[in-house]
Amino acid sequence: MLSDPSMYRPGEAWHEIPPGLPLVALLSGYRDAGQTVRQGIEALLSQDEGRIVASFDADQLLDYRARRPVVKLESNRVTEYRVPRLDLRLLNDSLGQPFLLLSGFEPDFRWDQFTGDLLRLHAHFMVSSTTWAHSIPMPVPHTRPARLAVTGNRDEFIENNSVWQTNIEAPAHALHELEFELTASDEPVVDLVVLVPHYLADSSVPAGAMKLLEGIGSAAGVMIDTEQLRERDRVFRTDVDAQIAENEEMQRLIQALETQYDGVVRGTPRENPFADADGEMPSADDIANELERYLSARRKPNET
């Protein structure tokens, strides 16, 4: 056992971890466009709930006003009180290969201390590689394959999987500090950033979660079943495409996004995912408002 663990307590599987496992980290709460991380966590835990290696103290890390505990009420009585969890688990992939999964809510407080604990756990279990992920809304069309932007220090993986080289400043995720420290120590680490269509960012987009899990599989060397997500994606795409097919303005907006996307994939210098398309680039509000108008028109009078 590590000496003086400050914000976690060892779990049942603490003494059963073989050295050299890959670590996958998925923390929701940070701009989770398309509910990508949440769906990814659910998909992994639905296949194997795993065994607890360590549980972090939510009382120290979370603001309950933002991430409220859940109560269960039965016959006018509170019968259950559940606090949000942040755990390190031992899971097995579809082939039975073990890996570590850090999952739960991104901490609201004590990021330095949290990162220090993660680094000590990383060293204690001799983690072979660290793969974490999050998602952001981008002007990309749902009619094209989901793509990744990748950061980290695994140059070959980044070159083969990242749609663009990032040179920006942006608000940090708690796990960015871990990535920074692991990079400085020359420990293998990558962050998979799933690019979700900005006009669907508030929806649950299965294609984003599929891309996240495929990227994790490649980076961490684990096999993850995505068949349930694929079926949900077929239903989701059918519904969205049906909405767009009945609205010419929405079709023009999507076509502009497709032109922009295809230019980026071809590497055309003047076409960039952050740039305007000579005034034709639709905003998230443009498309979202069109979708809402369409749905409102289709609702029956007694529907809300």
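Reader: Let's start with α5. Which elements do its buried residues pack against?
Author: Happy to start there. In this predicted model, the buried residues of α5 pack against the strands β2 (23-28), β7 (98-105), β8 (130-138), β9 (147-152) and β10 (189-197), and also against helix α3 (111-124).

Reader: And which residues of α5 are buried?
Author: In helix α5, which covers residues 174-184, they are Ala174, Leu175, Leu178, Glu179 and Leu182.

Reader: Where do they sit around the helix axis?
Author: Looking down the axis of α5, you find its buried residues within an arc of 135°, so they line one face of the helix.

Reader: Nice. What is exposed on the other side?
Author: Phe180 and Ala184 are exposed on that other side of α5.

Reader: What follows the helix?
Author: Aspartate 186 follows α5, and its phi is positive, near 60°.

Reader: Let's move to the interior. How many residues are in the largest nonpolar core, and which have the most contacts inside it?
Author: That core has 39 residues. Leu26, Leu44, Leu192, Leu212, Leu213 and Ile216 have the most contacts inside it.

Reader: Which helix gives the most to this core?
Author: Helix α6, residues 206-220, gives the most, with seven residues.

Reader: Say I click on leucine 213. What does it touch?
Author: Leaving out residues up to four places away in sequence, leucine 213 touches Gly40, Ala43, Leu44, Ile224, Thr226 and Leu229.

Reader: What about another core? How many residues does it have?
Author: Another core, of 28 residues, lies apart from the largest one, and its members include Leu27, Leu90, Leu100 and Leu178. Leu178 is also one of the buried residues of α5.

Reader: Over to the surface, then. Which residues make the nonpolar patch?
Author: Val71, Leu73, Val78, Tyr81 and Val83 make a nonpolar surface patch of about 490 Å². Strands β4 (70-74) and β5 (77-82) each supply at least two of the patch residues.

Reader: Is Tyr81 buried or exposed, and why?
Author: Tyrosine 81 counts as exposed because its relative accessibility is 52%, and the cut-off for exposed is over 50%. This tyrosine is found in strand β5.

Reader: Last topic, the whole protein. How many helices and strands?
Author: There are nine helices and 10 strands. Of the 304 residues in the protein, 46% are buried.

Reader: And how much accessible surface?
Author: About 16000 Å², with 47% of that belonging to carbon and sulfur atoms.

Reader: One more: what share of contacts join residues at least 24 apart?
Author: It is 78%, counted among contacts between residues at least 6 apart in sequence.

Methods: Residues are numbered from 1 along each chain as its sequence is written. This is a predicted model: local features need pLDDT of at least 70, side-chain atom pairs count only at pLDDT 80 or more; totals for chains, interfaces and linings use all residues. Side-chain values use heavy atoms; hydrogens and water are left out. Patches are made of residues with over 30% relative accessible area and no salt bridge: like charges are joined within 9 Å, nonpolar side chains (Val, Leu, Ile, Met, Phe, Trp, Tyr) within 5 Å. Accessible areas come from the Shrake-Rupley method with a 1.4 Å probe; for residues, only the protein chains shown count as cover. A salt bridge is a side-chain nitrogen of Lys or Arg within 4 Å of a carboxyl oxygen of Asp or Glu. Helices (H or I, at least four residues) and strands (E, at least two) are DSSP runs, numbered from the N terminus. Buried means under 20% relative accessible area, exposed over 50%, partly exposed in between (1.4 Å probe, protein chains only). The arc is that of the directions from the helix axis to the C-beta atoms. Contact means heavy atoms within 4.5 Å. A nonpolar core is a set of buried Ala, Val, Leu, Ile, Met, Phe, Trp, Tyr and Cys residues joined through side-chain atoms within 4.5 Å.
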